[in-house]
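Colleague: Could you walk me through the pockets in this model?
Modeller: Gladly; let us look at the structure together.

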Amino acid sequence: PQGQANKWIRNMEKDHNLGVYKLSQSDFVRNVEACVQYGRPVLLENVGETIDSILEPLLTKSIYKSGGSNCVNIGDSVVEYHDDFKLYLTTKLPSPHYAPEVSTKVVLVNFTITPVGLQDQLLGITVEVERNDLEQERQRLVIQNAGFKKQLAEIEDKILKMLSEAGGDILEDEELINTLSASKVTSNEIGVALEAAEKTEATINDTRMRYTPYPERGSLLFFCIADLRNIEPMYQ
């Protein structure tokens, strides 16, 4: 579970040629410089509670113009700064404490897993192995329902916009009346589809809940082992 932030970032940036490095690598500065110049995202893993000072200009976005280009100083080098560059820092420390001067330069996101969160993840994995058809159908319904709700919101926004822009007697506005009629039909169809999807999802969830004891034990086991470090530092 500690690596889920890395996994999420890798998946999110997989189409943008993500560079994954560690501060302990001898060539990490050269790699970061290349990514800054060509607009590639960078993921620095296993960062401690102190951040290498060479990253300071990137964290503070100390960008300046030079010869018509955006530049930034990284160590002794002047590097062209590409606007698409992104920097991610992750740590495996269970409870890191960063100085205020660091916290104000970054956006801190807590990916710490909770017992309930881990249990839900393990339930998904268990069902995917035991009843792959159910898990795939559940994921399809989640995406489908989100699409339906988005479509309903777009219909409402379109109607409100047309009503606000309508001049004179709206009953004589043929386009508005046709849009309202079409929207009513579409909304009814979506409503029926959502109702059917909710019934199917309820059936799927009932079946999924039968596997609850397994993720409950898995979550309990993980947190028992994780808490051993409070008894003896060796277990870290």
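Modeller: This is a predicted model, and I will start with the second largest pocket, where helix 1 and helix 5 (115-130) each supply at least two residues of the lining.

Colleague: Which helix gives the most to that lining?
Modeller: Helix 1 does, since five residues of the lining of the second largest pocket come from it.

Colleague: And what is the volume of the second largest pocket?
Modeller: Its volume is about 330 Å³, and among the 12 residues that line the second largest pocket, Gly3, Gln4, Lys7, Trp8 and Gln121 are the closest to its centre.

Colleague: How do the lining residues divide by class there?
Modeller: Seven residues of the lining of the second largest pocket are nonpolar, four are polar and one is charged.

Colleague: Switching over, what volume does the largest pocket have?
Modeller: The largest pocket has a volume of about 1,600 Å³, and it is lined by 45 residues, of which Leu89, Thr90, Thr91, Val109 and Phe111 are the closest to its centre.

Colleague: Which elements give two or more residues to that lining?
Modeller: For the largest pocket, they are helix 1 (4-12), helix 3 (56-59), strand 6 (87-89) and helix 8 (213-226).

Colleague: Which of them gives the most?
Modeller: Helix 1 again gives the most, with five residues in the lining of the largest pocket, just as helix 1 gives the most to the lining of the second largest pocket.

Colleague: And how many charged residues are in the lining of the largest pocket?
Modeller: Six of the residues in that lining are charged, while 30 are nonpolar and nine are polar.

Conventions:
Residues are numbered from 1 along each chain as its sequence is written. This is a predicted model: local features need pLDDT of at least 70, side-chain atom pairs count only at pLDDT 80 or more; totals for chains, interfaces and linings use all residues. Side-chain values use heavy atoms; hydrogens and water are left out. On a 1 Å grid over the protein atoms alone, a cavity is a set of points where a 1.4 Å probe fits but cannot get out, and a pocket is an open set with protein on both sides within 12 Å along at least five of seven lines; lining residues have an atom within 4 Å of a point. Grid points are joined across faces, edges and corners, and a volume is the space filled by probe spheres set on the points. Helices (H or I, at least four residues) and strands (E, at least two) are DSSP runs, numbered from the N terminus. Ala, Val, Leu, Ile, Met, Phe, Trp, Tyr, Cys and Pro count as nonpolar, Asp, Glu, Lys and Arg as charged, and the others, Gly among them, as polar.
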